[in-house]
Structure formats: C-alpha cells, structure tokens
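Student: I am new to this structure and would like a close look at a single part of it. Could you start from one residue and then work outwards, explaining how each piece connects to the next?

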Amino acid sequence: MAAGSASVEIGRRVRALRTERGLSLSELARRSSVGKGSLSEIETGQRNPTIETLYALCAPLGVAMSALIGTLQVRTSSGGMVSTTIDVRELPDRTVEVFWLQYVAGAEHTSPAHVAGVTEHLTVVAGRLRVGPIDDMRTVEAGESTSWESDRPHRYCAADGPAEAVVVIVTPRHGTMSP
C-alpha cells in the first residue's frame, strides 16, 4: 500500500470505527487477531496495513472494506498477490467493491470470514485459480466465473502459474455497517 496520506486516512477510519463501536484497542486487537502494537501503528498512520490485516479488522468492526479505505485507489501486496481497488460504490442497501487481483505462480491468500450476507463474485481473466470457502474450493479457468458466500474463511490459490482476476464483493448494509 502506498505510504503517507492513504495510511493516515485508513488509520483515522479504523480508530473512528473502533471508538464508535465502543471497542478498546486491546479488544479490537483480540477480536481481529491483529497485534495491539500493530493496530496502534495502523491507527496513527505509522504502518501500512496488508490486505489480510484490513480484512481481519472488517468483521469485528462489522463493516465492508470500503469503510476502511473509502474511495482511495489502494494497492496492497501480500504473499504473491497484489490487489488494486478499482471502484467502490455505496448504495442505499449495499456496498459494492471491485478489485483487480494479480498473482504470481504459487501465490496463496486466505481471507478471514466477512460479516454475514457478504458474497464474492470472481472472474478469472488470465491463468487459473483455486478459490472459494476453504472446505468448498473450486478451480476457475480464464474466462470463467464463480461466486460464494464469504461469511467463512476462504482462499485464493494460483498453484499452476500466474493468474489475474476481478473480484466483486457485495456487502449488505446492516445496522452496524456505516462508512
């Protein structure tokens, strides 16, 4: 992720959401499995969070990723996967986030469970990916699409070589979800 103003803005949003929900730094760290020191550095803009860290914070805060990154064009990299935010739309009943995903050969990314009702829709543009809930992964070839409920841990794997995909994440608005 780009350092500087994006990190500061994301940190500000994380702190505001944590405070709004009445969570201490220690409690959010416990619920998200993110170290308290790391969380403190994220909140003060001193650390660039990985995509795994951002997703780990979303569920305990009860928000979509866009609540943390807004409409920033964020590029994160982790474990051979690069994720670039393409677009975020806040609609009256849901948030729609579009990401461009690029994987090096052998890359694997495990995403924690999102809040209930979240669905992911993935189209492979190049290569081949194994994706979906950990207990129900499927192989998706270039030009093919698949969807799944994201309320349980799920994984993306580029075991056969490099791959590229577009993923659309749809998060329904709940009482606790607000950017």
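Tutor: Arg18 is a residue of helix α1, which covers residues 5-20, and in this predicted model Arg18 is buried, because its relative accessible area is 12% and the limit for a buried residue is under 20%. The side chain of Arg18 is in polar contact with the side chain of Glu43, at 2.6 Å. Leaving aside residues up to four places away in sequence, Arg18 touches Leu23, Ser24, Leu25, Leu28, Glu43 and Leu61. Two of these names lead outwards, namely Glu43 and Leu61.

Glu43 brings us to α3 (36-43), and between α2 (25-32) and α3 runs a loop in which Ser33 has its place. Ser33 has a phi near 60°, which is a positive value in a residue other than glycine. Ser33 is also exposed, with a relative accessible area of 69%, whereas Arg18 is buried.

Leu61, the other contact to follow, is one of the buried residues of α4. Helix α4 spans residues 51-61, and since 9 of its 11 residues are buried, the helix is largely enclosed by the rest of the structure. The buried residues are Ile51, Thr53, Leu54, Tyr55, Ala56, Leu57, Cys58, Pro60 and Leu61. After α4 comes Gly62, which has a positive phi, near 70°.

The burial of α4 also shows in the nonpolar core. The largest such core has 41 residues, and Leu68, Leu122 and Leu129 are the ones with the most contacts inside it. To this core α4 gives the most, with 7 residues.

From Leu122 we can step into the strands, for Leu122 stands opposite Thr146 in β8. Strand β5, residues 119-126, pairs with β8 in the antiparallel sense, over 5 bridges. In a regular strand, side chains alternate between the two faces of the sheet. Strand β8, residues 145-149, follows that alternation: Thr146 and Trp148 point to one face and are buried, while Ser145, Ser147 and Glu149 point to the other face and are not buried.

Leu129 has a long list of partners beyond four places in sequence: Tyr103, Leu122, Val124, Arg138, Thr139, Val140, Cys157, Ala158, Ala163 and Ala165. Leu122 is on that list, and Leu122 and Leu129 are both among the residues with the most contacts inside the core. Arg138 is on the list too, and Arg138 forms a salt bridge with Asp136, in which the closest N and O atoms are 3.2 Å apart. Both partners count as partly exposed, Arg138 with a relative accessible area of 22% and Asp136 at 38%.

Charged pairs occur elsewhere as well, and a search of the whole structure finds 14 salt bridges. Side chains of opposite charge can pair when their charged atoms come close. In one such pair, the side chains of Asp93 and Arg94 meet at 2.6 Å, N to O, with Asp93 partly exposed at a relative accessible area of 44% and Arg94 partly exposed at 32%.

A further pair is formed by Arg155 and Glu108, whose closest N and O atoms are 3.5 Å apart. Arg155 lies in strand β9 and Glu108 in strand β4 (residues 108-111), so this salt bridge ties together parts that are 47 residues apart in sequence. Arg155 is partly exposed, at 21% relative accessibility, and Glu108 is likewise partly exposed, at 45%. Strand β9 itself covers residues 154-157.

The surroundings of Arg155 extend past Glu108, for, again without residues up to four places away in sequence, Arg155 touches Glu108, His109, Thr110, Arg130, Val131, Gly132, Ile134 and Met137. With Thr110 there is a polar contact of 3.0 Å between the side chains. Ile134 is 21 residues from Arg155 along the chain, yet their C-alpha atoms are separated by 6.0 Å.

A word on confidence completes the picture. The chain has a mean pLDDT of 85, and 89% of its residues reach 70 or more. Over residues 175-179, however, pLDDT stays under 50, although the model has 20 contacts beyond four places in sequence for this stretch.

Terms used: Residues are numbered from 1 along each chain as its sequence is written. This is a predicted model: local features need pLDDT of at least 70, side-chain atom pairs count only at pLDDT 80 or more; totals for chains, interfaces and linings use all residues. Side-chain values use heavy atoms; hydrogens and water are left out. Helices (H or I, at least four residues) and strands (E, at least two) are DSSP runs, numbered from the N terminus. Buried means under 20% relative accessible area, exposed over 50%, partly exposed in between (1.4 Å probe, protein chains only). Two strands pair if DSSP finds at least two bridges between them. Contact means heavy atoms within 4.5 Å. A polar contact is a pair of N or O atoms within 3.5 Å; within protein, one must be able to donate a hydrogen and the other to accept it, and residues adjacent in sequence count only if both atoms are side-chain atoms. A nonpolar core is a set of buried Ala, Val, Leu, Ile, Met, Phe, Trp, Tyr and Cys residues joined through side-chain atoms within 4.5 Å. A salt bridge is a side-chain nitrogen of Lys or Arg within 4 Å of a carboxyl oxygen of Asp or Glu. pLDDT is the predictor's confidence in each residue, from 0 to 100.
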